[in-house]
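Biologist: Please pick one part of this model and take me through it closely, contacts included. After that, a quick tour of whatever else caught your eye would be great.

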Amino acid sequence: MAAQGGQDAKFFQRGKIQEFRAELQAAEAKDKKFTKRKTVLKKIVANITMGNDMSPLFTDVVQCLAEQIHLVIPSFLQDCNDRNPLIRALAIRTMSYIPIPVVTEALTEQLRHCLKDRDPYVRKTAAICVAKLYTADPRKAEKGGFVEMLRDLLLDSNATVVSNAVAALSEIGDRQDGVIFKLNLTVANKLLAALGESSEWGQIYILDSLLRYVPERHTDAELMAERIIIHLQHANSAVVLTTIKILLYLMNYMENRKLMDYICKKMGPPLVTLLSSGPEVQYVALRNILLIIQRRPSVLKNDVKVFFCKYNDPIYVKLAKLEIMYRLAREENAREVLAELQEYASEVDIDFVRKAVRSIGRLAIKVQPAADACIQALLDLIETKVTYVVQEAVIVIKDVFRRYPGKYEGIIPTLCENLDALDEPESKAAMIWIVGQFANRIDNADELMDDLTYTFMEEPVEVQLALLTAAVKLFIYKAQSDTSKALVHKVLKWATEEVDNPDLRDRGFMYWRLLAINPTVAGEIVLAEKPAITTDSDRMDRGALDQLLLHTGTLGSIYHKNPETFIRNAAGKALTDSPALNPLSRQVLVPLSRPNIPPAIHVPGPGPPPPREASVSPVPPTAKPAPPAPPQTGDLIGASSSADTLDGEGENEHESGEHGDEDSLASPSGSADPYANLDNAFGSYLADEPKPQADDHLTRLF
């Protein structure tokens with residue numbers, strides 16, 4: 001549209017922050033009539049209208065007007081005493097958004113009056129202004145008694161005023177240097193009474209503030225949950241998720257098992273309803289559901305079909321549903337879940353197919369009665385000869401072998417037929433592990449390993465580590481084979497002399513020393529039967545899970561990370577100890593620290609005084625039971641690729657290292673040189689010894 005005279009269309013042009021900042025600074029020099037400043041400000045407002053983020057210029061704009069701000073303060077003060085409550089509220093709000101000392105000083109007395117204004121609209125606006133004043137000058141807000149006045153508003157007769165006071169106190173309490181905002185039973189009950197009259201966003205603020213109430217008795221938590229549970233029927237998804245968050249929090253302080261089961265049963269339908277919303281809301285719901293079912297599996301234990309993927313679901317929704325399907329899978333529904341996963345494995349989206357194939361393997365590991373059907377499904381997928389499908393199948397079959405030792409080795413020939421299709425590090429390392437682990441059952445294992453080691457120096461470290469361990473296993477299984485002797489010598493020589501990676505070099509030296517000192521003992525160590533892997537490592541730590549559930553409905557529940565890890569100055573949350581806290585939850589309490597804060601200012605609230613801290617007997621850190629030792633089999637499927645592929649080999653390294661460093665395994669000849677007896681390591685063929693240090697007296701091995 002062409003600009004006409006007298007119009008400001010010419011200002012609607014996208015500009016850069018640096019250009020506007022330079023123009024504002026230039027206008028401060030010679031601009032007595034404020035013409036240049038008006039022009040720059042119009043450009044900034046026009047860019048805001050077009051959706052550009054101009055917030056970095058806030059300080060520059062305020063500084064540009066700071067010299068003249070004293071001229072408008074009398075007008076603000078006059079409006080603060082206007083007969084119209086809308087004008088009074090607008091004036092106090094405008095002043096609170098200008099963080100300049102002269103404005104803050106003039107605001108203080110007016111804000112004090114507005115907090116006690118006869119009109120609720122002015123009071124609810126003033127409540128938010130206290131939070132703005134606290135941001136601009138925390139000490140002035142505390143010394144002026146505004147936090148206490150804000151706390152008094154929690155007992156206001158108007159529900160909107162109460163919700164705004166809660167929002168302001170929560171914002172202040174979430175600051176690293178803010179006052180500690182806690183609720184006692186009387187105030188918590190008052191907030192619950194205001195829930196029914198509040199707007200939906202007011203309900204969210206009030207419900208969220210209940211996390212600051214710590215029940216001292218089981219009955220307090222149970223009665224509060226019964227009053228809150230009705231809000232699960234709300235139409236707003238944020239209200240529903242916040243209600244679920246509070247219920248999950250209160251359940252840590254309950255002992256009535258029937259009530260807890262009833263609450264879990266009531267939480268299921270609202271969560272299912274959220275899945276009928278748009279894809280964005282679905283994704284938020286799915287990420288929260290994934291946390292909830294790990295802590296309370298009974299919430300959706302019979303609703304696995306709800307999470308079956310639809311043809312028009314976005315890929316991020318499909319992947320989230322797959323994870324939940326696996327979590328909800330059990331013997332009763334394993335057949336339905338497997339049939340659904342097989343359908344997904346024939347889709348066109350590569351990432352989705354990969355995740356579906358991997359989920360089939362995870363299902364076989366988790367549900368033992370379904371393992372046979374899952375293995376058959378994986379074999380059918382391998383027959384398709386689709387490269388990425390075959391590679392994912394090999395990866396999960398390796399873990400199936402570890403989960404069910406000696407049961408499914410008959411499918412190894414089928415895997416070996418597809419060796420040429422493996423070109424990704426994780427799948428290649430998995431196949432190498434299979435060849436090495438079952439070298440005694442594969443007739444041409446030495447030939448396969450010889451082909452695989454041909455490109456040893458060009459392979460990534462993950463594959464090199466697998467090749468090194470597999471070569472040692474092959475030599476132990478087939479010690480009389482000249483091919484295996486030459487192969488293990490070649491690989492050990494590469495690993496100890498030509499590779500820069502310290503982990504690979506150390507493992508190579510360790511294996512060489514074990515084989516040199518006592519090949520029989522080395523074989524027993526490397527080939528020792530390991531305990532079968534389980535799905536225990538697939539669960540999130542209980543303490544971390546309890547902490548994350550306090551952030552249900554926020555970014556933390558989507559990222560599955562605590563907000564303080566990715567939001568600057570965010571305050572952490574954790575369960576608080578009390579006599580009502582469940583013993584199991586007490587054992588995994590996560591301590592919180594608020595670093596670099598002044599002495600806390602405790603603001604007493606109405607109602608009975610809070611219980612003395614001495615009445616609560618927190619469990620000292622030393623009383624916390626030691627966490628269970630990690631299984632020697634490493635992580636299950638779902639961990640990082642390197643750990644997932646090399647956990648079997650890592651066990652060998654660990655065990656071999658233990659025995660290899662013992663003094664009892666000294667050289668039989670009694671020599672002080674640990675490599676003095678290397679000449680017996682590989683029988684009668686020529687080999688070069690490892691060189692841990694420069695030594696001209698090292699001899700050839702025969």
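Modeller: I'll start with helix 12 and what packs on it, then move on to a second helix pair, some loops and the cysteines.

Some ground rules first: this is a predicted model, so local features need pLDDT of at least 70 and side-chain atom pairs count only at pLDDT 80 or more, while totals for chains, interfaces and linings use all residues. Residues are numbered from 1 along each chain as its sequence is written, and side-chain values use heavy atoms, with hydrogens and water left out.

The chain comes to 32 helices and zero strands; both are DSSP runs numbered from the N terminus, helices being H or I over at least four residues and strands E over at least two. Of its 702 residues, 49% are buried (under 20% relative accessible area; exposed is over 50%, partly exposed lies in between, with a 1.4 Å probe and protein chains only). Take the contacts between residues at least 6 apart in sequence: 68% of them join residues at least 24 apart. Contact here means heavy atoms within 4.5 Å.

Now helix 12, residues 200-209. Its buried residues are Gly202, Gln203, Ile204, Ile206, Leu207 and Ser209. Their cover includes helix 10, helix 11, helix 13 (218-228) and helix 14 (237-251). As a reminder, an α-helix has 3.6 residues a turn, so residues three or four places apart point the same way.

Look at helix 10 (residues 159-173) to begin with: its axis comes within 9 Å of the helix 12 axis, and the two cross at roughly 50 degrees. That puts helix 10 oblique to helix 12. Axes are lines fitted to C-alpha atoms, for helices over the stretch in contact, and angles run from 0 to 180 degrees between N-to-C directions. Under 35 degrees counts as roughly parallel, over 145 as roughly antiparallel, 65 to 115 as roughly perpendicular, and the rest as oblique. The crossing of helix 10 with helix 12 is left-handed, meaning the near helix is turned anticlockwise from the far one by less than a right angle (clockwise would be right-handed). On the helix 10 side you'll find Ser163, Val166, Ala167 and Ser170, and they meet Gly202, Tyr205, Ile206 and Ser209 of helix 12. That contact has four nonpolar, four polar and no charged residues. For those classes, Ala, Val, Leu, Ile, Met, Phe, Trp, Tyr, Cys and Pro are nonpolar, Asp, Glu, Lys and Arg are charged, and the others, Gly among them, are polar.

Next comes helix 11 (residues 185-195), packed against helix 12 at about 160 degrees with the axes 10 Å apart. The pair is therefore roughly antiparallel, and this crossing is left-handed too. Leu191, Ala194 and Leu195 of helix 11 touch Gln203, Ile206, Leu207 and Ser209 of helix 12. By class, that contact splits into five nonpolar, two polar and no charged residues. Ile206 and Ser209 are worth clicking on: both appear in the contact with helix 10 and in the contact with helix 11.

For another pairing, go to helix 23 (residues 425-437) and helix 25 (residues 461-477), whose axes come within 8 Å and cross at roughly 10 degrees. That makes helix 23 roughly parallel to helix 25. Helix 23 brings residues including Ile432 and Trp433, and helix 25 brings residues including Ala466 and Leu467. Here the classes are nine nonpolar, two polar and four charged.

On to the loops. Lys385, between helix 20 (371-382) and helix 21 (387-403), has a positive phi of about 65 degrees although it isn't a glycine; it is partly exposed at 47%. His560, between helix 30 (555-559) and helix 31 (583-587), also has a positive phi, near 60 degrees, but His560 is buried at 18%. Glu564 sits in the loop between helix 30 and helix 31 and is partly exposed at 29%. Leaving aside neighbours within four places in sequence, Glu564 contacts Gln547, Ala570, Ala571 and Gly572. Asn312, between helix 16 (279-295) and helix 17 (315-328), is 10.0 Å from Pro279, C-alpha to C-alpha, across 33 residues of sequence.

Last, the cysteines: there are zero disulfides (cysteine sulfur pairs within 2.5 Å). Cys309 counts as buried at 14%, as does Cys374 at 0%.
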